[in-house]
Amino acid sequence: MSLSKWMLLLGLLAMNLGSKAQSSLPNIVIIYTDDLGYGDVGVYGNTSIATPQMDALAKKGLRFTNAYTTAATCTPSRYSLLTGRYAWRQQGTGVARGNAGLIIDTSMQTLPEMLQSAGYYTSMMGKWHLGLGGTEGPDWNGIIQPGVLESGFHEAFFMPSTNDRVPTVFIENNLVVKLDPADPIQVSYSGKVGNDPTGKDNPELLQMHPSHGHNQTIVNGISRIGFMAGGNAARWRDQDIADTLTARARAFIKRNRDKPFFLYFNPHDVHAPRTPHERFVGKSGHGLRGDALLELDWTVGEIVRAIDEAGIAGQTLVILSSDNGPVVDDGYHDSSVEQLGQHTPWGKLRGGKYSIFEAGTRVPFVAAWPGRVSAGVSDALFSQVDLFASLAALAKGNILPGQAIDSRNALPALLGKDSQGRSHVVINAYTSAIRQGKWKYIHPASGAARIKEVNIETGVHPEPQLYDLESDPGERENLAGRYPEKVKELAGRLAAIREGLFDATPKKP
Ligand code: NG6
Ligand code: CA
C-alpha cells in the first residue's frame with residue numbers, strides 16, 4: 001500500500017474514532033412543564049388524579065424532593081435555566097409581555113450554545129416566553145430575530161410567550177407558521193388594534209370567561225392578554241397544541257436518533273387557559289386543570305415512548321420539571337377551583353405560583369437515564385440554575401469565561417452520586433430567600449401578603465422570616481426571633497450572593 005493510501009486510511013480511522021466519540025455523548029431531553037406543582041404528580045403524593053406516565057418515568061429514574069426553580073414565575077425561571085444566571089441580575093426579566101424584545105442578550109453564552117459547541121444538535125419546542133426581536137419587539141410578519149435561533153437552537157417550533165397572550169400562533173425557526181401575507185398580524189399591548197371582539201366588550205362571545213385580567217382580544221372563544229388582529233390562518237386551535245408539539249417532538253427524536261441531540265421541550269400544560277384536547281375533557285373529575293394534567297401526562301409518555309422506539313433510551317438523559325409552582329385560578333373560570341376536591345397541587349408546601357414560600361419554587365424534578373442513573377429518590381438540594389454547568393460537565397462542553405456565573409456543576413447530584421447537592425439555593429419572587437440545609441430565610445419586604453385573585457400567599461412580610469423546613473415543611477412557625485444568629489448569617493450570605501461577591505462557579509480556563 002502506498003504511503004498516501006496509508007495516510008488516507010489513518011485519516012479515515014481518526015474520523016471514525018471522532019464520530020464514535022461524538023456519538024457517545026448522551027442525548028439530553030428537558031421536559032419543562034408550565035405551572036406543574038410539587039403535589040401534582042402521583043409519585044409526589046397526588047392520589048386524586050392519575051399521572052401514570054410521569055410516575056413511571058420517576059420510578060425508573062431519580063426523583064428529587066428538594067429541587068428548585070430560581071423564581072416563582074416563568075420568564076425568570078426559564079432565563080436562569082438557559083443562561084446559568086439568576087434573572088434578578090438583569091433588569092426586565094419579570095413575566096414578559098407577549099410582544100417583548102428578546103430578553104437574553106445574544107452576547108451571552110446559553111446552555112444550548114454550549115451544547116452546540118460540544119457537538120449537539122439542539123431543538124426548542126413549545127413555550128418560549130423570553131421575548132423575541134430587538135428592543136422594539138418582533139416583526140410578526142417578517143423574519144423574527146433575534147430569537148430562539150440566536151439563543152443557541154439549531155431549530156425551533158414554538159409559542160412566542162404563553163397560551164393566554166397574543167399572538168396565538170406558532171413560530172417555526174423565525175417565521176410565523178401558516179401566515180397568509182394578505183392577512184398580516186397586528187399585535188398591541190397598549191390599545192386595541194383591528195376589529196376583533198374583546199372579552200371586555202363582547203363577553204357573550206366567550207366560551208371561557210376570565211376571572212381576572214384576560215379580557216382583551218378573543219381567539220377561539222377565549223379572551224387573552226393583549227390585542228391582536230389578522231393572522232387568522234396562522235392561529236392555533238388551543239385543543240391541538242399538545243398534540244402538535246408532541247408529534248413534533250416524536251418526529252424530532254426519530255429523525256435525530258443517530259446524533260447527539262438536545263431537546264428543550266416546553267409543554268403549555270397546565271398553564272391557563274386550560275384547553276386540553278376533547279379526549280381528555282371531563283376525564284380527571286377535577287375540572288380543566290386536572291384534565292390538562294392528564295394531557296401533560298400523556299405528552300410525557302409519548303416522548304418517553306419515542307425514545308424507547310428509537311432504541312436510544314440507554315443514551316438519553318430525560319429531565320422532567322416545572323418552571324414554577326401551581327395556581328388553580330390564574331385568570332379564567334374553568335371549573336378548576338370548584339372541582340379541586342381533595343387534590344392539593346402544592347402538596348404539603350405553603351404558597352404556590354408567584355410565592356416566595358416553598359410551593360412557588362420547589363417543583364417536581366426527575367432525572368431518568370436507564371443504566372446511568374439508578375432508580376430512587378434523592379433529597380439532594382438542587383437548583384435548575386445548575387443545569388448549565390452540570391450538563392457542560394456531562395457533555396464535556398466549555399463554559400466561556402464570565403458566563404453562566406451562577407451555575408455550579410451538580411452533575412454528581414443529577415446522576416445520583418451525591419446525596420447532598422448544593423449547600424444553598426437562592427430563590428426569588430417579590431423578595432429573595434435562601435435555603436441552606438434545613439433552614440430557609442426570607443428577606444423582609446413590603447407588599448401584599450396575598451394575591452387575592454389567585455388566592456395565593458406571596459410570603460412577603462416586613463420582618464425577616466426563618467423556617468426549619470425539616471420539622472416545618474409548611475413554613476408555619478417563624479423562628480427568626482429565636483435564632484437571630486442564623487438570620488444574620490443567612491441574610492449576609494444572601495446579600496453577598498446578590499451583590500455577586502461570591503457564588504460564582506470556579507471556571508476552568
Ligand atoms: C400573569 C397573568 C397570569 C399568567 C402569568 C404568567 C394576569 C391577570 N395574570 O400576569 O395569567 O399569564 O402572568 O405566567 O394577566 S407564567 O407561568 O408564564 O409566569
Ligand atoms: Ca409557568
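Helices (H or I, at least four residues) and strands (E, at least two) are taken here as DSSP runs, numbered from the N terminus. The model is predicted, so local features need pLDDT of at least 70 and side-chain atom pairs count only at pLDDT 80 or more, while totals for chains, interfaces and linings use all residues. Residues are numbered from 1 along each chain as its sequence is written, chains are lettered from A and ligands numbered from 1 in the order in which they are written, and side-chain values use heavy atoms, with hydrogens and water left out.

Thr-275 sits in the loop between strand E12 (261-266) and H6. At 5% relative accessibility this residue counts as buried (under 20% relative accessible area, with exposed over 50% and partly exposed in between; 1.4 Å probe, protein chains only). Setting aside residues up to four places away in sequence, Thr-275 touches Met-208, Ile-222, Asp-238, Gln-239 and His-268, a contact being heavy atoms within 4.5 Å. With Asp-238 there is also a polar link: a polar atom of the Thr-275 side chain lies 3.4 Å from the backbone oxygen of Asp-238.

Helix H6 (287-309) turns up again as part of what covers the buried residues of H2, along with strand E2 (62-68), strand E13 (316-322) and strand E15 (365-368). In H2 (residues 52-60), those buried residues are Met-54, Asp-55, Leu-57 and Ala-58. They share one side of the helix because they span an arc of only 160° around its axis, as judged from the directions from the helix axis to the C-beta atoms.

Then there is ligand 1, with 18 residues around it, the closest being Cys-74, Asp-164, Arg-165, Asp-330 and Lys-353 (a residue is near if one of its heavy atoms lies within 4 Å). By class, this shell holds 4 nonpolar, 7 polar and 7 charged residues. Oxygen atoms of the ligand pair up with side-chain N or O atoms at 2.8 Å for Arg-165 and at 3.4 Å for Asp-34. For His-271, a polar side-chain atom lies 3.0 Å from a ligand oxygen. Taken alone, ligand 1 exposes 450 Å², and the protein buries 83% of that.

Finally, Leu-466, in strand E22 (residues 465-468), is buried with a relative accessible area of 0%. Beyond its neighbours within four places in sequence, Leu-466 is in contact with a set of residues that includes Trp-439, Tyr-441, Leu-479, Tyr-483, Val-487 and Leu-490. Tyr-441 is 25 residues away along the chain, yet its C-alpha atom is separated from that of Leu-466 by 4.6 Å.

Conventions: Polar contact = N/O pair within 3.5 Å; in protein donor to acceptor, adjacent residues only side chain to side chain. Areas by Shrake-Rupley, 256 points an atom, 1.4 Å probe, with all protein chains shown as cover. Nonpolar A, V, L, I, M, F, W, Y, C, P; charged D, E, K, R; others polar.
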